[in-house]
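Colleague: I'm new to this one and would love a guided tour. Please start wherever you like, and I'll keep asking.

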Amino acid sequence: MSGSQAVTAAPVSGRPGDGSLISCVNLAKRFGSTAALDGASLDLAAGEVVAVMGPSGSGKSTLLHCAAGILVPDAGEVIFDGEQIGRMADRRRSELRRTEFGFVFQFGRLVPELSCAENVSLPLRLSGVGRLEAARRADEWLQRLEVQEIGRSLPGDVSGGQGQRVAVARALVTRPRVVFADEPTGALDSLSGERVMQLLTAAARDTAAAVVLVTHEPRVAAYADREVVVRDGKTRAS
Amino acid sequence: MSRSWTDLRLGVRLAFRGGADARWRVALTAVGVTLGVTLLFVGASVPNIVSAHNARVAAANVNGSDVHPPLLGLWDLASYHGKTVTGMALQAVDRDPPLPPGLHRIPGPGQMFVSPALRELLRSPAGAELDRWLHARIVGTIGQSGLTGPADLRLYRGANDLRARNPIPIKSFGSPESDEFSGPLVTLLVILMSVGLLLPIAVFVATASRFGSDQRNVRLAAIRLIGADRIATARIAAGEALSGTVLGVACGCLLFLALRPLISQLDIAGISVFSSDVRPAAWLAILIVLLVPAASVALALLATRRAAIEPLGVSRRGAEPRRRLAWRLVTPILGFLLLLPLIGASHRLGSTIGQVQASAGVVLVLVGVSALLPWFVEAAVRRTEAGPLPWLLAVRRLRADHGTSGRVVSAIALTVAGAIALQTVFNAADAQSSTRVPANPASKALYPYGMLVRASDPASVVTRQLRSTRGVEDAVAIANDYQNPQYPISVASCQSLELIAKISGCAERSAYIVSGPSALRAGQALRLGGERFRVPESARKVALREVTGKLAFAESIPSGALLLTPLAAAHLGITADLVDAGITLNPRVPGARDNAITTIARLDPLADIPSDPTPIGNHVLQQLQNVLFAGATAVLLVIGGSLLVAITEQLRERRRVLAVLAAFGTRPSTIAWSVLWQNALPVALGLALAVVMGVGLGDVLMHIIGLRASFDWGAIALLTAAAALVVATVTGVTLPIVWRQMRPEALRVE
């Protein structure tokens, strides 16, 4: 699917534009009395790597969740490939996340009782791919992320860096069009973090996947084509 | 000392002030322990309930007297719409007759004292028919000392014609003890019921005290990281564990006290207890109050031993040691080894040592179910790789940690195994019972006996009135005089006599002697009740017909009895006015049975009408069986509640993982199925193990009391299905929680 997608040049601004893969326009989202987003916008082209930066509590994770269809914004709209995500039924949004998106979270968030290889094959199996085929593709990705040797280990038995690489493999195994990475190196030492970012961005570029990278570390943001800063729920291009 | 106190206080503070999650876990533990402690108190009250019941039954027992009894009595039992009404007709002979417990005077003729439950029934529309049958005025209420329970339907009514009815001559009321709950069988059953029902509750309490232990370990690991040593950490863990448990014990005590009055409202198949009788033995109560918190501390410390500390402060269990089968087999084998020597020596159950041996054997066999189940589950899931995704998630979850739900399932398996063993013994005892009333299809026939009808031809009066009753198809009656057992006399019309005996050519003054050994012969001169008469010369020997259908009542006519027509009886000056009858009812006429009883009651309010056929000697067994089902149901429901709590807790602890799965687009049905499999697999294995162990235990116990093996597979299936239903229901109830926890919003950490 995404393999046939043309890789577009990285746009220079954070403003929504025609031909975007994802457009978030004037998003607002409140949690109780706290406004997490207040008119945030984000535009992502196919194959583009965008870093969303900002201090803690600025709303960057909420922006990522809204863009990925995990949260439905209170106002504004998220358009993916011409479709409004906010108007989709929950079932359709789940399908979208299963087939078009990949996710990497801080601490990996692997399913603890499944082996690393099974964690990687999980999104494939959710999409109906057979067990053996899913295992084969998972092995490929573990090899690509240089963690093939821990395939049979449980997540609790591997290091943080290894776990995060497994998480990256899991995010990319379905060859998604967009990878959402929320502080993917937040729990890692700098060396492991660097390696994870190298592997993530390289693999994403190989598969022409766009990446939304939430981070507050400039060193991590340097891997992105451009940066968007979120402050008090509002975005601005850096 | 002060250091220990500080650590304990820190533990308590962490439990209550550790945020909403910590308070939630304390609440879960407290709720679980509250339910468990309440049931433990109820269970610990059983010895008092049994002894109080025995004392109440004993108090109502009568002591007979052969000479000059001050009181005459006649048991007055009735079955009314499935309920048993117990009573006695009384006739004072002396000026100062003994009083039954709960009465301040003997009721006069046409008067009755009733229990509060019977008074309530008689005042309600549902009791209108019974009111007509009893045909007496309520003049007082039987006091609590005269009742076995608040639902006891009991009456004492006055009479003035008991001498004509073979009454019991009563010297006094009250015997030292009742034999209703005694004997090796009952001893064994009470042991089995106590152990079988209390053991799962103990497991359940232990489980409840460990709710949230994983999160507790996380906090303790963080505390160790900042410098607390192992002992200090243990004290903090103890403080934290004690918070929920002590709160639960306190709430359990209060709930028990609050429920006691409500317990008296319960009426389980006619069994009820006064709230004042529901009190645990003091030593048992103290043991519960001390042992439950102590056990929770011990379990908390055991759980912390497996906590490992990582730099991020997250505790992680060390690798689970592979479960070994060998030592798990020790408990059931030891249990059976204790029980086997009792086979053929049931008399040893009468001694304390024998009872301890039997109890220990039963405990060890049942604990064996809990010990073996984790091994079975692990063996079943160890090599499972294939299967759909929900199945994979479930077996991997089980492989990683059987956890709380696994322990709860152990308690369910334990309950079912104990209940099956009990059911097996009940069934065997029931099947072996040889004392049954004659076949009496209650829906089609009635056999009233002992109707006192003063008339020249009482049998004909009864037959006529019954035949004119709506819903009665046919009636046959015979009047008897068995006051002198040596010379039994029965009087009936020729038509009735020809039905009862092989007679032909019966005339108005015919007389017959029933074949068999007899003190009577034709032409014999007799003195009966001060009157002289002569057996007619024409009396010839006749055989009784085979007793079938409505003639079942004729079974009571003894060999050698004198059969007379009414005119022959009148001619000889014989008065036979106690009438037995056989009535055939038309099942298509609604209320036919009630109509017939109303007619009988009009003829004689003290007539005895056997209730539906029940094994006579099995009253106690039936009561115990009812208690078993009620107890097993209560335990299963409570354990089901704890399973719900356990699953809820597990889902809360896994909400991040569930949220991640949701973020990936996992269908809720996938998770729902995985939760179902995760519960169903151990439950299926647990129930299979429970059936095997329960049947095995039941078989050994039957051999101990010398009964032939007899299994009621229907009842076993019912118990097993009930347990499976509890688990399925709990899983169904948790689904909304699954949906809620699967919301990807849980990914938010800020």
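Colleague: Which residue follows α19(B), and what is the sign of its phi?

Modeller: This is a predicted model, in which local features need pLDDT of at least 70, side-chain atom pairs count only at pLDDT 80 or more, and totals for chains, interfaces and linings use all residues. Residues are numbered from 1 along each chain as its sequence is written, chains are lettered from A and ligands numbered from 1 in the order in which they are written, and side-chain values use heavy atoms, with hydrogens and water left out. Helices (H or I, at least four residues) and strands (E, at least two) are DSSP runs numbered from the N terminus. After α19(B) comes B:Gly665, and its phi, near 90°, is positive.

Colleague: How many of the 9 residues of helix α19 of chain B are buried?

Modeller: Buried means under 20% relative accessible area, exposed means over 50%, and partly exposed is in between (1.4 Å probe, protein chains only). Among the buried residues of α19(B) are B:Val657, B:Leu658 and B:Val660. The helix spans residues 655-663 and is largely enclosed by the rest of the structure, because the number of its 9 residues that are buried is 7.

Colleague: Stepping back to the whole of chain B, what share of its residues count as buried?

Modeller: Chain B has 21 helices and 20 strands. Contact means heavy atoms within 4.5 Å, and of the chain B contacts between residues at least 6 apart in sequence, 81% join residues at least 24 apart. Out of 750 residues in chain B, the buried share is 53%.

Colleague: And in chain A, what share of the residues count as buried?

Modeller: Chain A is built with 7 helices and 10 strands. Among its contacts with a separation of 6 or more, 72% come from residues 24 or more positions apart. Chain A has 238 residues, and the share counted as buried is 57%.

Colleague: Are α10(B) and α11(B) roughly parallel or roughly antiparallel?

Modeller: Axes are lines fitted to C-alpha atoms, for helices over the stretch in contact, with angles running from 0 to 180 degrees between N-to-C directions. The axes of α10 (residues 325-339) and α11 (residues 352-381) of chain B come within 7 Å and cross at roughly 155°. Angles under 35 degrees count as roughly parallel, over 145 as roughly antiparallel, 65 to 115 as roughly perpendicular and the rest as oblique. Therefore α10(B) and α11(B) are roughly antiparallel.

Colleague: Is the crossing of α5(A) and α6(A) left-handed or right-handed?

Modeller: In chain A, α5 (residues 160-172) and α6 (residues 190-206) pack at an angle of about 15°, with axes 10 Å apart. That makes α5(A) roughly parallel to α6(A). A crossing is left-handed if the near helix is turned anticlockwise from the far one by less than a right angle, and right-handed if clockwise. For α5(A) and α6(A), the crossing is right-handed.

Colleague: How many nonpolar residues are in the contact of α5(A) with α6(A)?

Modeller: The contact includes A:Val168 and A:Leu172 of α5(A), along with A:Leu199 and A:Leu200 of α6(A). Ala, Val, Leu, Ile, Met, Phe, Trp, Tyr, Cys and Pro count as nonpolar, Asp, Glu, Lys and Arg as charged, and the others, Gly among them, as polar. By class there are 3 polar residues and 2 charged ones, while the nonpolar count is 7.

Colleague: Is A:Leu145 buried or exposed?

Modeller: A:Leu145 sits in the loop between α4 (131-144) and α5 of chain A. Leaving out residues up to four places away in sequence, A:Leu145 touches A:Arg165, A:Val168, A:Ala169 and A:Leu199. With a relative accessible area of 1%, A:Leu145 is buried.

Colleague: Which is A:Glu146: buried, partly exposed or exposed?

Modeller: A:Glu146 belongs to the loop between α4 and α5 of chain A. Its phi is near 65°, a positive value in a residue other than glycine. Because its relative accessible area is 38%, A:Glu146 is partly exposed.

Colleague: What is the relative accessible area of A:Asp232?

Modeller: A:Asp232 lies in the loop between β9 (226-231) and β10 (234-237) of chain A. Although not a glycine, A:Asp232 has a positive phi of about 50°. A:Asp232 is exposed, with a relative accessible area of 61%.
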